[in-house]
Amino acid sequence: IGTDISKTIITKAIQENKFDNDMNYTFIVDDIRINNDSFTQNFNLIFSSKTLYYVAPEIESVIHNISNYLIDGGLFCWIYNQKKDSFSKKWLSYEILSKKLEMSGYQRISFCINYLNSYEEIAIAIFQKNPLV
């Protein structure tokens, strides 16, 4: 399932879908800031690519919704792009995001930082929800 808040992006994804016809892909307009009951406990993996800084003011509800959507032991993978002097870094750096996830019961599985240049960094991380013992 692919989601985006933009109907234009979802329409484009559907039109340009070049995936294997044997697979079942669905693209829907959805807002991660608003809980979607049909997603509850429905996913083993949620992947977010360069999206979370757009929802920084609502990050607690976003983390709550992601937790609702993942099964226990499920993985939340994210790519976070930040610039040294970006406005969003003041509110939600990848360090703050990681701490918020850990405080919400996630365990860090993998984390790395890539420096694109002297001005921009990309963090890539995998966190596990309520790791199974």
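1. A nonpolar core is understood here as a set of buried Ala, Val, Leu, Ile, Met, Phe, Trp, Tyr and Cys residues joined through side-chain atoms within 4.5 Å. In this predicted model, the largest such core has 24 residues. Leu-52, Phe-76, Trp-78 and Leu-97 are the members with the most contacts inside it. At least two residues of this core come from each of β3, α2, β4, α4 and β6. The largest share, five residues, is supplied by α2.

2. Leu-97 links this core to helix α4. Beyond residues up to four places away in sequence, Leu-97 touches Leu-52, Ile-59, Ile-63, Trp-78, Tyr-80 and Leu-92. Two of these partners, Leu-52 and Trp-78, are themselves listed with Leu-97 among the residues with the most contacts inside the core.

3. Helix α4 spans residues 94–103, and its buried residues are Tyr-94, Leu-97, Ser-98 and Leu-101. Because these buried residues fall within an arc of 100 degrees when seen down the axis of α4, they line one face of the helix. On the other side of α4, Lys-99 and Met-103 are exposed. The cover over the buried residues of α4 includes α2 (59–69), β4 (70–83), β5 (106–115) and β6 (120–129). After α4 comes Gly-105, with a positive phi near 95 degrees.

4. Glu-121, in strand β6, merits attention as a charged residue in the interior. Its relative accessibility is 9%, so Glu-121 counts as buried. The side chain of Glu-121 is joined to that of Tyr-94 by a polar contact of 2.4 Å; Tyr-94 is also one of the buried residues of α4. Not counting residues up to four places away in sequence, Glu-121 touches Tyr-80, Asn-81, Gln-82, Lys-84, Tyr-94, Ile-113, Asn-114 and Tyr-115.5. Asn-36 lies in the loop between β2 (27–29) and β3 (43–49). With a relative accessibility of 15%, which is under the 20% limit, Asn-36 counts as buried. Two polar contacts of its side chain can be listed: one of 3.0 Å to the side chain of Asp-30, and one of 2.6 Å to the side chain of Ser-38. Leaving out residues up to four places away in sequence, Asn-36 touches Asp-30 and Tyr-69. Asp-30 therefore appears both as a polar partner and as a contact of Asn-36.

6. Ser-110 is located in strand β5. Its relative accessibility of 35% lies between the limits of 20% and 50%, so Ser-110 counts as partly exposed. Apart from neighbours within four places in sequence, Ser-110 is in contact with Ile-124, Ala-125 and Ile-126. The C-alpha atoms of Ser-110 and Asn-42 are separated by 23 Å, and these two residues are 68 residues apart along the chain.

7. How many disulfides does the structure hold? The number is zero. Cys-77 is in no disulfide, and the nearest cysteine sulfur, that of Cys-112, is 12 Å away. Likewise, Cys-112 is in no disulfide, its nearest cysteine sulfur being that of Cys-77. As to surroundings, Cys-77 counts as buried at 12% relative accessibility, whereas Cys-112, at 35%, counts as partly exposed.

How values were computed. Residues are numbered from 1 along each chain as its sequence is written. This is a predicted model: local features need pLDDT of at least 70, side-chain atom pairs count only at pLDDT 80 or more; totals for chains, interfaces and linings use all residues. Side-chain values use heavy atoms; hydrogens and water are left out. Buried means under 20% relative accessible area, exposed over 50%, partly exposed in between (1.4 Å probe, protein chains only). Helices (H or I, at least four residues) and strands (E, at least two) are DSSP runs, numbered from the N terminus. The arc is that of the directions from the helix axis to the C-beta atoms. Contact means heavy atoms within 4.5 Å. A disulfide is a pair of cysteine sulfur atoms within 2.5 Å. A polar contact is a pair of N or O atoms within 3.5 Å; within protein, one must be able to donate a hydrogen and the other to accept it, and residues adjacent in sequence count only if both atoms are side-chain atoms.
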